[in-house]
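This report describes one chain and its ligand. It starts with a detail of the backbone and then moves out to strands, overall form and ligand shell.

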Amino acid sequence: MTKNAEFDVLIEGAGPAGLACAIALADTNLKIGIIEKGVFPRDKTCGDALSLDITNQLKQLSPRLAENFYASSKTGIVKGVYVCAPNNESFTVDLIQHGKPLDMHISKRIDFDYLLYQEAKQNQNVTFFEGEKATAVEKDNDNLTISNKNYNWKGKIVIGAGGAHSLVAKRLAGQKMNKNLHAAGLRVYYENVHFDEKTAHHLEFYFFDDVIPGYLWVFPLGEGKANVGLGISSKKVSKEKLNIKEILNNAIEKHPVLKEKFKNAKALETIKGHGLPLGSKKISISGDRYILVGDAASLIDPMSGEGIANAIRSGRYAADQIKKAFDKNDFSASFMKQYDKRINKLVLPELRASRLMQYLFIRKNKMNRIVNKEKRTGNIQEFVNIALNDPKNLNNTYYFKMIMSLLF
Ligand SMILES: Cc1cc2nc3c(=O)[nH]c(=O)nc-3n(C[C@H](O)[C@H](O)[C@H](O)COP(=O)(O)OP(=O)(O)OC[C@H]3O[C@@H](n4cnc5c(N)ncnc54)[C@H](O)[C@@H]3O)c2cc1C
């Protein structure tokens with residue numbers, strides 16, 4: 001028999017975006033229902049790299065959550081990046097600030113998302129429905145109803161946080177995949193991967209013909225384990241009819257640097273795939289009684305493929321909008337547009353800048369030239385050192401010189 005449940009706020013999906021929204025609502029009395037098709041602790045196909053902004057976001061979300069994150073033994077520190085160009089030349093950049101690594105981490109999503117989940121569970125007003133996949137969404141006057149064969153969940157407001165395949169984004173916002181702003185991603189965990197001692201905590205990026213302007217990554221998880229994967233533009237995949245699993249396996253077997261690195265390595269799972277809806281274009285991400293967050297709102301950085309920080313950020317912003325909507329008893333599409341405006345003002349410019357950078361720099365000949373030059377001059381390392389340790393010395397002239405030196 002189908003069960004009925006009613007909530008003030010219904011959240012589709014317990015990824016970083018949906019969970020952040022629930023956590024940010026902990027200071028309200030709102031009744032929150034979270035529908036999640038997985039059962040925690042659950043995996044998510046990802047590179048597991050947590051950018052600098054993520055720790056900022058966690059601190060703003062909940063000091064206790066940030067403390068638990070730092071205390072977790074399952075979190076590794078990032079000390080720099082290694083870049084290998086299509087000509088197989090490479091350079092490394094250390095990310096050291098005042099003698100210490102930056103606040104950047106690597107954490108398997110099965111662990112990271114579980115931390116967020118545990119924090120969200122602290123709120124008595126939150127009810128989780130795990131192992132329940134939402135299959136339909138309907139609108140009536142005062143509610144939205146999400147349902148499947150087991151449940152009808154009613155909510156005064158719905159948060160579409162189902163990620164790249166969000167049902168709410170498709171059904172309520174009418175979203176369709178935009179191949180120009182979409183990437184195909186793969187991930188596979190490996191063990192016995194060889195890391196040089198000096199770069200054992202560096203994120204490794206490999207650029208070559210089949211993947212560019214995307215890349216293949218090897219992110220260290222400690223003790224010779226690694227998260228290995230690639231992200232390629234979906235347009236390129238369909239235009240060139242690419243078999244991306246084959247590209248990944250071939251690179252590991254044949255790429256002159258990777259084949260040495262993986263000589264004794266063993267895959268710990270079959271290759272997993274997932275889509276990346278990339279940001280930079282203004283799209284509608286709210287409407288009558290609903291808000292889209294995270295991947296459902298296409299907020300992934302188009303160059304790096306990072307989306308966790310923006311997922312958490314948008315979850316926080318959605319929570320602010322929900323509080324205002326309940327305060328004013330206004331759930332109309334026009335009122336919800338305040339959320340779109342905030343995202344457009346505070347998130348979109350960064351995504352656009354990133355797309356421009358990708359267009360300017362992530363090309364075969366440019367990458368080859370940048371890597372050759374960096375090996376000779378160390379300009380990028382110098383720039384990073386100043387940016388991290390002495391930012392007042394960075395002025396427009398310096399930026400201009402830096403960009404020119406990379407381009408020409
Ligand atoms: C291969 C790959 C590598 C990546 N690497 C990185 C990286 O290193 N760093 C980074 O910052 N970002 C990375 N990203 C992007 C990052 O994974 C996403 O931006 C982030 O997970 C978005 O969070 P979210 O909460 O919006 O969605 P998700 O994390 O996808 O969470 C959505 C949740 O909704 C649930 N769900 C979906 N549909 C339904 C339904 N119908 N009913 C019930 N539940 C549902 C899912 O089970 C899931 O738990 C990568 C993405 C891919 C694909």
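Histidine 98 counts as exposed, because only 6 C-beta neighbours lie inside 10 Å and the limit for an exposed residue is 12 or fewer. The model is a predicted one. Histidine 98 sits in the loop that runs between strand 7 (96-97) and strand 8 (100-101). Its phi is positive, about 45 degrees, although histidine 98 is not a glycine.

Asparagine 192 also has a positive phi without being a glycine, with a value near 60 degrees. The loop between strand 14 and strand 15 holds asparagine 192. With 14 other C-beta atoms within 10 Å, asparagine 192 is partly exposed. Most residues other than glycine have a negative phi, and most peptide bonds are trans.

Peptide bonds in the cis form are found in the chain as well. One joins phenylalanine 40 to proline 41, and another joins isoleucine 212 to proline 213. The table sets out both bonds with the place of each proline.

| Cis peptide bond | Omega | Place of the proline |
|---|---|---|
| phenylalanine 40 – proline 41 | about -5 degrees | loop between strand 2 and strand 3 |
| isoleucine 212 – proline 213 | about 15 degrees | loop between strand 15 (202-206) and strand 16 (215-222) |

The next topic is strand pairing. Three strands make up an open sheet with antiparallel pairing, in the order 3-9-4. Strand 3 (49-50) and strand 4 (76-77) are its edge strands, each of them paired on one side only. Strand 3 and strand 9 (residues 105-106) run antiparallel and are joined by two bridges. Within this part of the sheet, alanine 49 is opposite isoleucine 106 of strand 9.

Strand 11 (residues 136-139) and strand 12 (residues 144-147) form another antiparallel pair, held by four bridges. The connection from strand 11 to strand 12 is a hairpin of four residues. Alanine 136 has serine 147, in strand 12, as its bridge partner.

Taken as a whole, the chain contains 14 helices and 21 strands. Its radius of gyration is 22 Å, close to the 22 Å given by the globule rule for 408 residues, so the chain is as compact as a globular protein of that length. The C-alpha trace spans about 65 × 45 × 45 Å along the principal axes. Buried residues come to 42% of the 408 in the chain. Of the contacts between residues at least 6 apart in sequence, 74% join residues at least 24 apart.

The ligand has 40 residues around it, and those that come nearest are Gly13, Gly15, Gly163, Gly294 and Gly307. Two or more residues of the shell come from each of helix 1 (16-24), strand 2 (32-36), strand 14 (182-191), strand 19 (272-277) and helix 9 (308-328). Sorted by class, the shell comprises 15 nonpolar, 16 polar and nine charged residues.

Where does the ligand lie with respect to domain 1 and domain 2? Domain 1 (3-72 + 107-175 + 283-346) gives residues to the shell, and domain 2 (180-277) does too, so the ligand lies between them.

Notes. Residues numbered from 1 in each chain as written. Predicted model: local features only at pLDDT ≥ 70, side-chain atom pairs only at ≥ 80, totals over all residues. Near = placed C-beta within 6 Å. Nonpolar A, V, L, I, M, F, W, Y, C, P; charged D, E, K, R; others polar. Domains from an automatic or database assignment. Rg over C-alpha atoms; globule rule 2.2 N^0.38 Å. Buried ≥ 20, exposed ≤ 12 C-beta atoms within 10 Å, placed from the backbone. Contact = placed C-beta atoms within 7 Å. Pairing = 2+ DSSP bridges.
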